[in-house]
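Biologist: Please take a close look at the strand pairing in this model, and at how the strands relate to the buried interior. I should like one connected account, with the details of individual residues where they help.

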Amino acid sequence: MIVCSNCKHTNMSGAMFCAECGARLVVVDSLTTQDIATGQVKQALGKKDAVSSAPPASVALNGWVTLHLMDTGQMLPLTERNEFTLGRISEGQPIMPDIDFSPYQAYASGVSRLHAVIKRDANRVLLMDLGSSNGTYVNGKRLDPNAEHILNNGDVIALGKLKMQVLLKVA
């Protein structure tokens, strides 16, 4: 059993992401943390929604891309694989997304069960809408279904109304 360091939920052995909150589960001997200056951003802005501001570009959190959920400030680093499906889990669903946004009000935000796919292709990161009901947006522009779109560091993507910022690892 693996205990999530984010929400303390007990997950099955071998799980990559927490079934409760979606955080990446890390099994290492010693964990280290790094300051990502979120407190400084909140102080500088003095606003309740300070977490939605852009974190430092150096925040890669050991993943080739990190999804910064703008409503909660949660950081979801994507590692080890080159492609992830994004969506929400629904009871009785035969195919599960790799990244489940259910803990982040995905249903209320209009996230489809299999909404989009994000993948790394050589030195590019691509996003593709999988024919979702409420659309996938990059910087406010709706993507055509089943067409790949190149992402840049700092782009804001929305799965329905669920917004997140893309933080690319700088080589």
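Modeller: Two strands are said to pair if DSSP finds at least two bridges between them. The model is a predicted one, and what follows should be read as a description of that prediction. By this criterion, β9 (residues 136–138) and β12 (residues 156–159) pair, because three bridges link them in the antiparallel sense. Within this pair, A158 of β12 is found opposite Y137.

The pair belongs to a wider arrangement. An open sheet of six strands, with antiparallel pairing, runs in the order β4-β3-β13-β12-β9-β10. Its edges are formed by β4 (75–78) and β10 (141–142), each of which has a pairing partner on one side only. In general terms, the strands of a sheet are held to one another through backbone hydrogen bonds, in a parallel or an antiparallel sense. The protein as a whole has 13 strands and two helices.

Strand β5 (residues 83–87) shows both senses of pairing. With β7 it runs antiparallel, joined by five bridges, and one of the bridged pairs is E83 with K119 of β7. With β6 (residues 99–100), β5 pairs in the parallel sense over two bridges; here G87 has D100 of β6 as its bridge partner. Strand β5 is also mostly covered, since four of its five residues are buried.

This leads to the interior. The largest nonpolar core comprises 33 residues, and the members touching the most others are L67, L86, F101, I118 and L127. Two or more residues each come from β3 (65–69), β4, β5, β7, β8, β12 and β13 (162–168). Of these elements, β13 contributes the most, with four residues. The core thus draws on strands of the six-stranded sheet, including β3, β4, β12 and β13, and also on β5 and β7, the antiparallel pair described above.

I118 offers a view from inside this core. Apart from neighbours within four places in sequence, I118 has contacts with W64, V65, L67, L78, N82, E83, F84, L86, V125, L126, L127 and L151. Among them are L67, L86 and L127, which join I118 in the group touching the most other core members. Across the protein, 38% of the contacts between residues at least 6 apart in sequence join residues at least 24 apart.

The loops between strands give a contrast. K8 lies in the loop between β1 (2–3) and β2 (10–11), and its phi is positive, near 70°. A122 occupies the loop between β7 (114–121) and β8 (124–129), with a positive phi of about 60°. Most residues other than glycine have a negative phi. Both loop residues are exposed: K8 has a relative accessible area of 58%, and A122 reaches 71%.

The cysteines C4 and C7 differ in their cover: C4 is buried at 1% relative accessible area, whereas C7 is partly exposed at 30%. No disulfide is found in a search of the whole structure.

Taken over the protein, 42% of the 171 residues are buried. The accessible surface amounts to about 9,900 Å², and carbon and sulfur atoms account for 49% of that surface.

Definitions and conventions: Residues are numbered from 1 along each chain as its sequence is written. This is a predicted model: local features need pLDDT of at least 70, side-chain atom pairs count only at pLDDT 80 or more; totals for chains, interfaces and linings use all residues. Side-chain values use heavy atoms; hydrogens and water are left out. Buried means under 20% relative accessible area, exposed over 50%, partly exposed in between (1.4 Å probe, protein chains only). Contact means heavy atoms within 4.5 Å. Accessible areas come from the Shrake-Rupley method with a 1.4 Å probe; for residues, only the protein chains shown count as cover. A disulfide is a pair of cysteine sulfur atoms within 2.5 Å. A nonpolar core is a set of buried Ala, Val, Leu, Ile, Met, Phe, Trp, Tyr and Cys residues joined through side-chain atoms within 4.5 Å.
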